[in-house]
Amino acid sequence: VTSAQRRFALAVDEGTVTGAALLGRLASRWRLLAATTLAAGIGHDAIEDHLRDRVSVADPALATRMGLVPGAGSSPSRRARRLIRYAPDAPLLALVAASVRAARPTQAIVAAAGWRSVTTTPDVHDPRETTGLLLRPDVAAAVLAVGSPPAADERSIMDELVALLAAVRRRRPSLPLLLVGAAASRLDRLDPDGPEGGAPILAPDPVGRAAADMRTWLRGELASLDPGTPARAALERLAVEIATTLRLRVAVLALERAGASLVEAAPRPAADAVLERATYLASRTPGSDTRPPLGDPAWASILDERVLERFEQWQAAGLDRQRLADRALQLTVDPRWGSVGDGSAIQALAARETVARLVALDHDEDRAPHAPDLVVLVGDGFATMAPTEAFEIVVDALRRPGATQVALDHAGVLPAIASIDDPGDRRAMIVDLLGDLLLPLGTTVMVADLRSARGHDRVVGAADLDHPWAARAGIPLEGGTVVRLDLPPGTGGSLELNLRRGGRVGPRARRTRLPVTGGIAGLAIDLRGAAGGWRLGQP
Amino acid sequence: VIEMNGGTHPAAAIEPGLRLVPVRATRRPLSLIRLALAPGDRPLVAAGDAVAAGAAIAERLRDGRTDTVRLPSQEVASVRPGDWLAPMPASGGSRIGRRARSRSGELLFAASGQWRLATGDRVEVLEAPVAGSVAAVVPGAWIEIAAAGTLIPGAELLGSPAHGRLEILAPASGEIRSAAIDVGLAGRIIVVGARIDAEALLRARATGVAGVVVGSLGARERRDLAASERRQQAALQAPRPFGVLVLGGAIRQPVASPTESLLEALAGGSVALVPEPVGIAAPGVPVDGSALPRVRPDLVRIVAGPMAGREGTWAGLAGPRGVAPGVVLDSALVRIGDAAPVAVPLVALERFA
């Protein structure tokens, strides 16, 4: 480690666009010196030189004091330590299911693991089509899913599907195979030792595990096959480190080239926080997870009409369906088009759609999650988005009863810092830099289980805001709306809710006091009803 | 000194700020071209074979299906998935063997004592889009052809690979109507400018045009083209190869001027639209040869925002600029024509090589 590397670090998070920041040690603390957002594919030396120049121009005295040499990015002995994170595109999985029934739960697990998938079932696709799918070079792994225990129709077809997979394995030994449900009992017919150098055939042991165990097993195996796992691990570490540092329940919501992620961690008394849940979704642009291969006559269907319908409802520009379709398609073909101008409005619609799908994927009826105390927005999807737009997406999509502060990783490099392998080093840097890197956007308060308002009287209660600069009393709360209040950044306050028609924000009580913090988007009190009872797109 | 197409450009040193603008390759050396096959498609060539442009290299099924066949016991041990089952003369072999051999197709797998066979009744010929040598044949998956020359990368190839003489019908920002297309263009690859409507596209196909190169293609035109493709596949007669190479995306933008210059240089010569890597292949044209124009190193193109599609010259860094409420991005000055330079976010720029 050179002297320069002890004093400076260049963090780069590469995606559709690249977030980069020059970090320096100042008074024994890591501080943010300069940050930028650039297109993908820019050399790291050029980025470092640019950021060094920025600091030298903006604060020559600081640059001199820190020994910051302009143009040192190209010199191996004088360049900063490099913290680089790259999230590759989500891999494609072929799901061969014995029936639609067997396909659905596996599809959900595969989607939440962040893989793109194409499904074939014998009642829709013939063996020729399934073999063709499995031989496609862009298919990175295959799953054979059969119900456990198999239904009568699945029993009759299972051996044929196993024979099909065995034949594909002889033609393409490098394709990893995973056996789910009753298919695991046919492991011996698939030549698990295989040819030398062949990919593994994986099945849970013992056969017939409970559904929850199957989910854990399959997600674990898919993670082991996914080249994007290290990048996702950085998000998980980030959530844990922030939760540990701030002693808050933290959710990291990432919108990246590879897809979207929702990772949550909760603090434990006198110990490090623990990862509670992680859900991934392969795409962030409409259609990119289901886009058919080149040469396939189905290419015109790359945009789902239902997605366009939602875009039509959400948009403010008043574009007709045709123009929306062209723009959404443009974003799919060239994601950088969404970085500024008209494209950014379409990108915001795509982000809204993706986050809604991610949250729906994460939704677990049996384990209703707590509202996180803090949502941290990271990734290139937020890099060029107006912060208020990003806040609105969280308000509309992440609808859990309670108060949640929303903050943005404005330099776009927190995941890159969290990719540091050494735990002590990683934590030291994150602890030092959180204040510099998190931009508070505001607080969202969601009230659930409100009884529906009837007639003209839609007022369901009142709120009092206690804040040094923005105190207000008797704010009327109207059911079915989102009440917006200015709440300047920098200072916290408290909100007291007096609810007349049921409703809860965490524990059920008529009067509830919640801590709220300010931000550039202010405070949103969401009175649109029970989580899940309201759908994106409704006014 | 910057490398330009294997040589050096007279502009010599690159301005440091330009290093923050991503480079889009307008040309690449042509090496391997991969053409997809599906199970049941029959390769007509083997690795090492030399092929000419337009030579039949495979028969593609137009109505593929899966049949079952029972093979004679003496053959079961010798066949493997992917093998081609050829029809056998009626007089030879056992009764079971003769029945099995009345059909042909690709053997997929054996289950319950019977082989599944990918087969069909109607085929179309897959032609080699360029001359070269067959590098690999993977039944049911792909054929690779090794060829030398230049590739102009594109975004997508819709339809089939195609080859023909390149003809430019419209300038980079232009558009053509269906009346501009007639049978005189049959067998050509036509360059139609920034956009083409569905009517002109379908007329091009109907009049025998081999392929279309267009700057962008909207969602409606893609749907119409897909419907046309389905109708062609359903017809009794095998359709002629027809491909549409989209250089950009779906919203109207002019073709980048370096790409336009390359196409002008190749006009009149034989080119091919190829699917993987996607682009226009110019076999036999050296990528660094003098026949192809060079690119100005300070030429930049705006890819997003209100000026998307415009080109200009680099005029230096402009520092951080606000582009939307709460969004500040590092920007550069771009001189477009004779007007004063305008500030454009670096993230919305590209340069060429």
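Author: In this predicted model, a residue is called buried when its relative accessible area is under 20% and exposed when that area is over 50%.

Reader: Along strand S12 of chain B, which side chains point to one face and are buried?

Author: Strand S12(B) covers residues 123–127, and its side chains alternate between two faces. Val123(B), Val125(B) and Glu127(B) point to one face and are not buried. The side chains that point to the other face and are buried are Glu124(B) and Leu126(B).

Reader: Which residue stands opposite Val123(B)?

Author: Strand S7 of chain B, residues 56–61, pairs with S12(B) in the antiparallel sense over five bridges. Within this pair, the residue opposite Val123(B) is Leu61(B).

Reader: Which are the edge strands of the open sheet of six strands in chain B?

Author: The order of this sheet is S3-S28-S24-S25-S26-S27, with mixed pairing. Inside that order, S24 (299–302) and S25 (311–324) pair in the antiparallel sense over three bridges. An edge strand pairs on one side only, and this applies to S3(B) and S27(B).

Reader: Is Ala270(A), which has a positive phi although it is not a glycine, buried or exposed?

Author: The phi of Ala270(A) is about 50°. Ala270(A) lies in the loop between strands S11 (259–268) and S12 (271–281) of chain A. Its relative accessible area is 88%. Because the cut-off is over 50%, Ala270(A) counts as exposed.

Reader: To which residue does a cis peptide bond join Ser148(A)?

Author: The omega of this bond is about 0°. The partner is found in the loop between strand S7 (139–146) and helix H6 (152–171) of chain A. That residue is Pro149(A).

How values were computed: Residues numbered from 1 in each chain as written. Chains lettered and ligands numbered in written order. Predicted model: local features only at pLDDT ≥ 70, side-chain atom pairs only at ≥ 80, totals over all residues. Heavy atoms only, no water. Buried < 20%, exposed > 50% of the residue type's maximum accessible area, 1.4 Å probe, protein only. Helix = DSSP H or I, 4+ residues; strand = E, 2+ residues; numbered from the N terminus. Pairing = 2+ DSSP bridges.
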